[in-house]
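Student: I'm new to this one. Can we go through it together, asking how each label is earned?

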Amino acid sequence: MEYALPPDAAAPLGQARRVVVFTGAGMSAESGVPTFRDDLTGLWARFDAMQLATPEAFHTDPDLVWGWYEWRRARVRRAKPNPGHLATAAIEALVPDTVVITQNVDDLHERAGSRSPVHLHGSLFAPRCIAEDAHPAALPETPHGETAGPDEGGRVPPPRCRHCGALVRPGVVWFGEALPEAALTAAVEAAVSCDVLLTVGTSGVVYPAAEIPRIAARSGATVMQVNPEPTPLDEVCAINLRGTAAHVLPALVAAARDAIGTT
Ligand code: BJW
């Protein structure tokens, strides 16, 4: 069923010259990628994603953590962009000065046609070794877990770096680690200068990423949110659209096109 937008909800997007789409795990939920604060399933049900995504967990049990990322990588490879990702790419076509900033480590924005999303928390597909000068590493050629379901996967020893022999780790940002400087700078610059920031599918509790919509609001942008649940970001949002990304974003794009008068 088509999402019924409140009147004028698309007006800010229809009038905007600079847009930021800021996304979190909820954006990929309808592609079958679990969110962070969902309960894990199958073999992983005993674990807490928030505890696995830490340097301490990798240090203590690298096979467990690498196995979890192998399982997630396999799942993302099988996933397809959903109408929310496609609508995000359509916003870029509608308003050329649009920056997509994502906390997600999947590649579904890219596969939906988004130009160059800014990845604040890294990527599942860019492992590197744990040495201080961090050599980029190739993914294993026949990834473990490619066909394994959550009950079949499990512990997988991480590869070793072919330059220095150190353990290879996922190229993501764990708690307590700094975000990639270039990505954070690009995100802050985009937030400061946009007219509209659309925050989609994030709980807004993980910092510094959660500052991005707040920075946009402080800089005078209209901040809009798409999320079925309330979040701490509600307070900075002029418009809160309660619904899922795959339902709300296509309706918003259609209404913004109508407002602009394009088809
Ligand atoms: C739908 C939907 C549908 C469902 N449609 N919506 C300030 C205050 C307090 C603490 C801190 C602070 N500053 C820093 C901290 C510490 C910490 C932090 O934020 N802790 C808080 C949890 C308390 N931050 C850090 O440690 C960061 N690093 C740092 O600060 O470094 C400082 C430093 C500087 C210099 C040198 C050294 C250090 C790093 C944070 C890294 C976060 N990493 C993770 C894992 C990434 C890798 C991986 O994927 O495995 O990133 S944790 C996890 O949370 C992941 C996510 O990107 C991130 C955000 O989660 P997200 O996307 O919001 O998902 P969920 O699951 O939380 O929410 C989903 C939402 O979708 C929900 O609202 C649903 O309702 C909704 N939804 N279905 C639309 N269909």
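Tutor: Sure. A backbone N or O atom of Gly26 lies 3.3 Å from a nitrogen atom of the ligand. Bear in mind that this is a predicted model, where local features need pLDDT of at least 70, side-chain atom pairs count only at pLDDT 80 or more, and totals for chains, interfaces and linings use all residues. Residues are numbered from 1 along each chain as its sequence is written, and side-chain values use heavy atoms, with hydrogens and water left out.

Student: What makes the pair of Gly26 and the ligand a polar contact?

Tutor: A polar contact is a pair of N or O atoms within 3.5 Å; within protein, one must be able to donate a hydrogen and the other to accept it, and residues adjacent in sequence count only if both atoms are side-chain atoms. Gly26 has its backbone N or O atom 3.3 Å from a ligand nitrogen, so the pair fits. For Gly176, a backbone N or O atom is 2.7 Å from an oxygen atom of the ligand, and a polar backbone atom of Gly201 is 3.2 Å from a ligand oxygen.

Student: How much of the ligand does the protein bury?

Tutor: The protein buries 72% of the 1500 Å² that the ligand exposes when taken alone. Those accessible areas come from the Shrake-Rupley method with a 1.4 Å probe; for residues, only the protein chains shown count as cover.

Student: Why is the ligand said to lie between domain 1 and domain 2?

Tutor: Because domain 1 (1-31 + 81-122 + 178-263) and domain 2 (34-78 + 128-169) both give residues to the shell around it. The bounds come from an automatic or database domain assignment.

Student: What separates the domains, and what do they bury?

Tutor: The centres of domain 1 and domain 2, taken over C-alpha atoms, are 28 Å apart. Ten residues of domain 1 and six residues of domain 2 form the contact (heavy atoms within 4.5 Å). Together the two domains bury about 510 Å², with 65% of it on carbon and sulfur atoms. Buried area is the accessible area (1.4 Å probe) that two parts lose on being put together, summed over both.

Student: Which peptide bond is cis?

Tutor: The one joining Tyr207 and Pro208, with omega about 5°.
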